[in-house]
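Trainee: I should like to learn how a helix, a nonpolar core and the cysteines are read from a model. May we work through one together?

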Amino acid sequence: MASLRDMNDNTAAEVASLLTSLPSLQLQEYFNQLISSRSCNGIQVNHNGTFGKGVYANSEFQEDELILKDQILVGIQHSSNKVDCLVCSFCFRFIGSIEKQIGRKLYFKNMGLSGCCGGGGDSSESEEDECMKYNGNEEQCGGASSSSNHSSLPQVVVSSLMNGEMALPHTDKFPLPSPLSCPGGCQEAFYCSGSCAEADWESSHSLLCTGERSESVAREALGEFIKHSNETNDIFLLAAKAIAFTILRYRKLKAKHVNEQAKQSVSQQSLLLEAWKPVSAGYKRRWWDCIALPDDVDPSDEGAFRTQIKDLACTSLELLKKAIFDKECEALFSLEIYGNIIGMFELNNLDLVVASPVEDYFLYIDDLPDAEKDEAEGITRPFLDALGDEYSDCCQGTAFFPLQSCMNHSCCPNAKAFKREEDRDGQAVIIALRRISKNEEVTISYIDEELPYKERQALLADYGFTCKCPKCLEDSSVA
């Protein structure tokens, strides 16, 4: 297998082609198809020569009206969050049961492994191993040691709850889908339905599965890549999904072309460009060029910091290449492509958040009539006390949403990402903040728009632009 340096020499033309912006007509057709598939015909994506792509209203929206529900192109649950929440690996809906969710959370908490809904890059291998153990032989749970938390419950009680041997009152009001195991046998991915398992397998997981039926060229190397991502930055896992997604799309397009015995020959490069199109449509910059300089890095050390980030990406890519390399898609494994994919996520990703049904359950118990509440709390209170503030931990991750990513920023936005009560999966939900007129651009805020002008501009500089929204124009005159 060629080194990254050799690959860069051999695939320079293909890489340049992949990074060339799609022709405006192709881009418009792609977004029109997406809008139609999501049944959100009240919007359209237009290209503006000054600001690039933007989302515009095709019809009038009223305050609090739904503008868009956008499906994930690629997304991940943060590694540390897997300790707290058992969710479908494709749609991120909670699975199992209220008892199972509470039981596994308490089990890991008693072992000192609670993730506390933390962010994305520092999950240890042992933490991942423990996450797997629960879903394998649950009888292992009886041997766990208890933490020093004064509210911890006996492990036999926790195990009974997690294994379905104990039922809590009123949990029938909060039914959850039973977990389905990964078809590749990896014991790491679980699903709410056969359709989600199949969709994930076909879109990326067949290449990224560590199980016996994985299509990875080297499962041991894949494990090393995953370990490195969990120890450094799980954005690499997202980039791997984007590459796997493109490879599998390429293989399907190639198979379809062969089966149809098309009269005109189609080059591998043409098929790869078509497979790459969903990723190509996103705005990109190289990760080491666009990542924000951390507060603890002195500006004089910025060059060294960005070099370290590039080296980190290079190490990650070398590991990924050993695991899933495909010669016909060689250009995807160039450092330039990898850096641009990660940069696209850095600039465009939206937090993936799904509210916990466990929180809803305890709120339901709290709202019961006094007599019923007293009876129910006699059973549920010890579990709530043992969970502490973590009872409301939600599913957290990061994802790329193709239509939402086209929405431009404003410090006085007319829309926002907001999950309603009925939104129980990982889709992005965009709601109108005020009345939006037909043909008006739909904007969201990338930052806290209540910050002072200079702080807002400094944060937005990391996105590569200077905001000139009405609020910034007004604030700049008095700054």
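Mentor: We shall take helix shape, core packing and cysteine pairing in turn, bearing in mind that this model is predicted.

Trainee: How far apart are the end C-alpha atoms of helix α7, and what would a straight helix reach?

Mentor: In α7, residues 194-208, the end C-alpha atoms are only 18 Å apart, whereas a straight helix of 15 residues would reach 21 Å. The helix also has a kink of about 70°, centred on E202.

Trainee: Which residues of α7 are buried?

Mentor: In general, an α-helix has 3.6 residues a turn, so residues three or four places apart point the same way. In α7 the buried residues include C196, A197, D200, W201 and the run from S203 to L208.

Trainee: Which residues touch the most other members of the largest nonpolar core?

Mentor: They are I324, Y338 and F345, within a core of 53 residues. Helix α9, residues 235-260, gives the most to this core, with 13 residues. A second, separate core holds 24 residues, among them F31, I35, F61 and A281.

Trainee: What does F345 touch, leaving aside residues up to four places away in sequence?

Mentor: F345 touches V74, I235, L238, A239, A242 and F400.

Trainee: How many disulfides are counted, and why is C196 not bonded to C192?

Mentor: The count is zero disulfides. A pair requires sulfur atoms within 2.5 Å. The closest cysteine sulfur to that of C196 belongs to C192, and at 3.7 Å it is too far for a bond. C196 is nevertheless buried, with a relative accessible area of 10%, and C85 counts as buried at 2%.

Conventions: Residues are numbered from 1 along each chain as its sequence is written. This is a predicted model: local features need pLDDT of at least 70, side-chain atom pairs count only at pLDDT 80 or more; totals for chains, interfaces and linings use all residues. Side-chain values use heavy atoms; hydrogens and water are left out. Helices (H or I, at least four residues) and strands (E, at least two) are DSSP runs, numbered from the N terminus. The expected span of a helix is 1.5 Å times one less than its number of residues. The bend at a residue is the angle between axes fitted to the seven residues ending there and the seven starting there. Buried means under 20% relative accessible area, exposed over 50%, partly exposed in between (1.4 Å probe, protein chains only). A nonpolar core is a set of buried Ala, Val, Leu, Ile, Met, Phe, Trp, Tyr and Cys residues joined through side-chain atoms within 4.5 Å. Contact means heavy atoms within 4.5 Å.
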